[in-house]
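Subject: Structure handover

Hello,

Here is the structure I promised to pass on. My notes on it follow below.

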Amino acid sequence: MSLLTKFSLKNRAAIIIMVFLVGVLGVYSGAKLPMELLPSLDSPMINVTSFGQGMDAETMADEVTAPLEKELKNVKHLDTITSSTSEGVSQISMTFDSGTDMKEAGRDIEKITNQASLPQGFQKPVVSQLNTSMIPIVQIALESKNGFTKDTEEKIDNNLISDIQDIDGVSTVLNYGKSVTELAVKVDSKKIEEKKIAPQQIMMALQAQNASIPSGQVSVDGKTNAVRVLGQVKNIEQVKNAIIVPGVKLKDIANVKIEQYYEADTRVNGKNALLLVVSKEASANAVEVSKKVEAKVEELKKDYKSLFDMRIISSNGETVENAVFGMAREVLFGALAATIVIFLFLRNVRTTLITVVSIPLSLLITLFLLDQSHVTLNILTLGGIAVAVGRLVDDSIVVIENIYRKIQQEGRSFEVIYGGTKEVAVAITSSTLTTIAVFLPMIFAGGGIGDLSYSLILAVVYSILASLLVAFTVVPLMSFGLLKNIKHKETKPLKSYTNILNWSLNHKWIVILLSILIFAGSITAYATIPQSNINTEDQSMMTVTMKFPADYDQFLAKAKAKNLETKLLKEDKLKDLFFRMGASKEDAKYSQLSTDNVATFQLLFKKGKDTEKFISDVKKLAGDYKPASIEAAKASFGSFGGGSGLELNITAANQEDLKKSAKIVTEKLKNISGLDKIKNNFEDLQKEWVVNVNQNKALPLGLNYPLISGDISASLGKVPAGEMKVGDEKLQVQLTPSKKPENENELLNSFIYSQAGPIPLKKIANVEKQDIKTMVYHKDGKETVQVTADITGKDLRAVGTKIDELIKKTELPAGAKIQMAGATESMQKNFMDLFKIMGIAILVVYLIMVITFGQARAPFAILFSLPLAAVGAILGLIVSRTTVDISSLIGALMLIGIVVTNAIVLIERVQQNRIKGMEVREALLEAGSIRLRPIIMTAVTTIVAMAPLLFGEQEAGSLVSKSLAVVVIGGLSVSTALTLIVVPVMYELLNRKKKKKAKHKDQQEIVA
């Protein structure tokens, strides 16, 4: 490193040109760096969602979920496979090992699902793999009082969406709330009963209308011609006149028409609406693309104003811009605060200028390197810079302080400036490398922390390395040019500090004992601090969920949901209310699983809304909408490291043991304080009519289970009857009864088609009632019971401890097991990963110091600064009443690198003094007096630079938050004060044995 200093002093013009080039490249790179909220990351999870109309959860689990799980479990690098199945919907979630190529895994799953054999009426499953770049950048509401005609929807799909997709940087535009056109055949239940016609006969007649059947070959004039029987439907009248049985046409027993059908109800602010969700390409600039979409919407409004209103209800570009500029503002405030602190200490404009130049230069170099690494400008990248900005001047402070002191003593010369820099080269190089070494193990963290923090780590590493480079080149060069006419001044040691240090060295065991007691007390206090996940809640967005029992009438459910929507629209400070009820394929693309009995209200409020009061008010409304349950919560930014839900998965040898285990665990959870809304999926049951078929009577009539089931399904509700091309339009054919059976007798009197003609169901079967589950869960192919609860407090650790104790003590049937999941399990896993990383980081830091110092004893003394940092960090959390989360643990990880820096600067001077021949005590006192000011300066600068994070507004889901700042500021404050005392004490204690050996050797030489 000294060679860099020598080069810069000898080639001053070259360095000036290089600085200019760095400035230009940095500004250019910063201007073209894409801005986004989070870096582009693939989720390690892939979901497969299947839809099947009219199929209950248990049948769906057996006929759809289980066969798909059997095929999917063989996909490479699969970690776990779980599934949830409800009426008509199956979702299989596959989590993969860290480092898996998710693109390849997605392709393998697509192949399997394409070849899967599913029951009739099922379409190809939707495979969804989430990426952070899929976060919508713009949401556009298309509102119409009278709804949307088919023609209007076609214009939206073919023209409007195409115009938006053509914008450079736009990846996809999803249309939520659009209708599906179908050929609806509403069968008159009374008429088919009178004419003794079974639904299967209607289906066969409809399928015969659209036929394309190869019928062999014929030879004409020596040439072979294929023969095909072709049935084409030109218009709907042809369908109505289809003959079902001799003398009966379809129009005689059914109402046939082409109509629009909505899979899910969608409204914005109470009006029928379509919602266009725009996502950007992974490499695109979120802000630029958002602005382009906004401009295009303003242009398109005029073209469609006669058909519907068009407006943007949310634009992520503005959110990203505010978040990025907000973090950039904190970086600038931190840099400005650091500059003021340096000036107050140095009290010299020229030395202050030399020192703070490292901040802009380091940042410009960082921006250039980030651009070359293809890293975007996001809240994590800027967060990394924000936490490092105070550290950027540390190396320069140590260098300029040493140079300035030597110039005062020896005068300004090339040799003095070079010698002053060389004197501290080992110290600042070692401290920089240890800081970097702390962050690198984070890349290998599991649970998504490593991937998510990658851009943060790069920003920190690049900026700190850049600051070291500036300290060795630009600072000495500027010192040579600006530090002229410096008056000779004898540096006076700070007597108060040297007296305290001398007393401490004379009373080592008192200092050590007090340090041990303080550390032990802080560890005890840590056990009482609540632990939580990262705050992922958006303070301005609320989600209200209204859930009805599975067997509740859908018409009544929609009416009650509409009533609640009307009430919510009257809320003050409401900007927009987005309503959705039902499941659709668009939801599946984002891995969202909804059912027809759940209504979701998303409310976006203006700033200043009392969200806690809103949640309380909504909960009070639950009594007015029984039997529905109503929940309100702040909308979550994302699932990573967040949430406050508890989940226990129970497996057992059989259904009876599963049911018994679920009941035992649910009852025990009710006795644990801090839990609310405790339930399991075995409690939510619905009645099922079981049709017991007499095989002896059915088989002679040519009836089997699929045929009987097909006729019964058509009697009970809408069933798919294949596809039909009417003219040029391909339509789904749906058969619907005009009246559903209301009791067992009406079902038994319905007709089914047999070889002997239509017969009543009662001739071959009877009906009995039983309870069935509305939700079925599997884990790794085995059925599980899922017991869920909400954790009402912030301390997830306390709840987790109680749950662990419950799992150990609860006696369950033989073979039954409980596994914890949800927020507590996620938190424990993330915490464990970070504690392992801290252990690795300490070993790496020690290794670097051993290599740098060339011995193990001095670095070992430096390590004693770490327990002291823990004292300050814990004290900071207690005083600020901040919970321990992933962000605070990342702060603790940073502390490992930061606090040893001060100890390295001190001990490295001690080592220099020892080489010069000083005794240990003398070397410690001299080093303490000389290095006190740079140590205090670097610590205060780092603390002040991080203050904006402490008081700034935290972005939801960010790893850089208040808790990180609290830990770093608290830890650095206390450790700096105690390091100046405890580390010298440990150093002298460790060198006492060596000193005694040297003294004994001298005595032997004198005797000889």
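Start with one loop. Pro627 lies in the loop between helix H23 (611-620) and strand S19 (629-636). The peptide bond leading into Pro627 from Lys626 is cis, with omega near 10 degrees. Please keep in mind that this is a predicted model.

Backbone outliers

Two further residues deserve a look. Most residues other than glycine have a negative phi, and most peptide bonds are trans. Lys196 is not a glycine, yet its phi is positive, at about 55 degrees. Lys196 sits in the loop between helix H6 (189-194) and helix H7 (199-209). Asp780 also has a positive phi, near 50 degrees, and is a residue other than glycine. You will find Asp780 in the loop between strand S28 (775-779) and strand S29 (782-791). The relative accessible area of Asp780 is 44%, so Asp780 counts as partly exposed.

The chain as a whole

The chain has 1008 residues, and 51% of them are buried. Its secondary structure comes to 34 helices and 30 strands. Take the contacts between residues at least 6 apart in sequence: 80% of these join residues at least 24 apart.

Nonpolar cores

In soluble globular proteins, nonpolar side chains tend to be buried together. Here the largest nonpolar core has 167 residues. Ile140, Leu142 and Leu160 have the most contacts inside this core. Which helix gives the most to it? That is H18 (residues 454-482), with 17 residues. A second core is separate and has 26 residues, including Ile197, Ile202, Val248 and Ala721.

Ile140 has a long contact list, once neighbours within four places in sequence are left aside. Among its partners are Ile164, Leu274, Leu275, Leu276 and Val278. Val293, Val297, Met310, Arg311 and Ile312 are also in contact with Ile140.

Helix packing around H19

Two packed helices are described by the angle between their axes and the distance between the axes. H19 (residues 495-506) packs with two helices that I looked at.

Take H33 (residues 920-951) to begin with. The axes of H19 and H33 come within 10 Å and cross at roughly 145 degrees. The crossing is right-handed. H19 contributes Tyr497, Thr498, Leu501, Asn502, Leu505 and Asn506 to the contact. From H33 come Arg921, Leu924, Leu925, Gly928, Ser929 and Leu932. By class, that makes six nonpolar, five polar and one charged residues.

Now H20 (residues 508-526). The axes of H19 and H20 are 5 Å apart, at an angle of about 95 degrees. The two helices are therefore roughly perpendicular to each other. On the H19 side the contact uses Trp503, Ser504, Leu505 and Asn506. On the H20 side it uses Lys508, Ile510 and Val511. This contact has four nonpolar, two polar and one charged residues. Leu505 and Asn506 of H19 appear in the contact with H33 and in the contact with H20.

A long-range pair

Lys802 is in helix H28 (residues 796-809). Its relative accessible area is 35%, so Lys802 is partly exposed. What is in contact with Lys802, leaving aside neighbours within four places in sequence? Ile672 and Ser673 are. Lys802 and Ile672 are 130 residues apart in sequence, but 7.5 Å apart in space, C-alpha to C-alpha.

Best wishes

Key. Residues numbered from 1 in each chain as written. Predicted model: local features only at pLDDT ≥ 70, side-chain atom pairs only at ≥ 80, totals over all residues. Heavy atoms only, no water. Axes fitted to C-alpha atoms, helices over the stretch in contact; angles between N-to-C directions. Helix = DSSP H or I, 4+ residues; strand = E, 2+ residues; numbered from the N terminus. Left-handed = near helix turned anticlockwise from the far one by under 90°. Contact = heavy atoms within 4.5 Å. Nonpolar A, V, L, I, M, F, W, Y, C, P; charged D, E, K, R; others polar. Parallel < 35°, antiparallel > 145°, perpendicular 65-115°, else oblique. Core = buried A, V, L, I, M, F, W, Y, C linked by side-chain atoms within 4.5 Å. Buried < 20%, exposed > 50% of the residue type's maximum accessible area, 1.4 Å probe, protein only.
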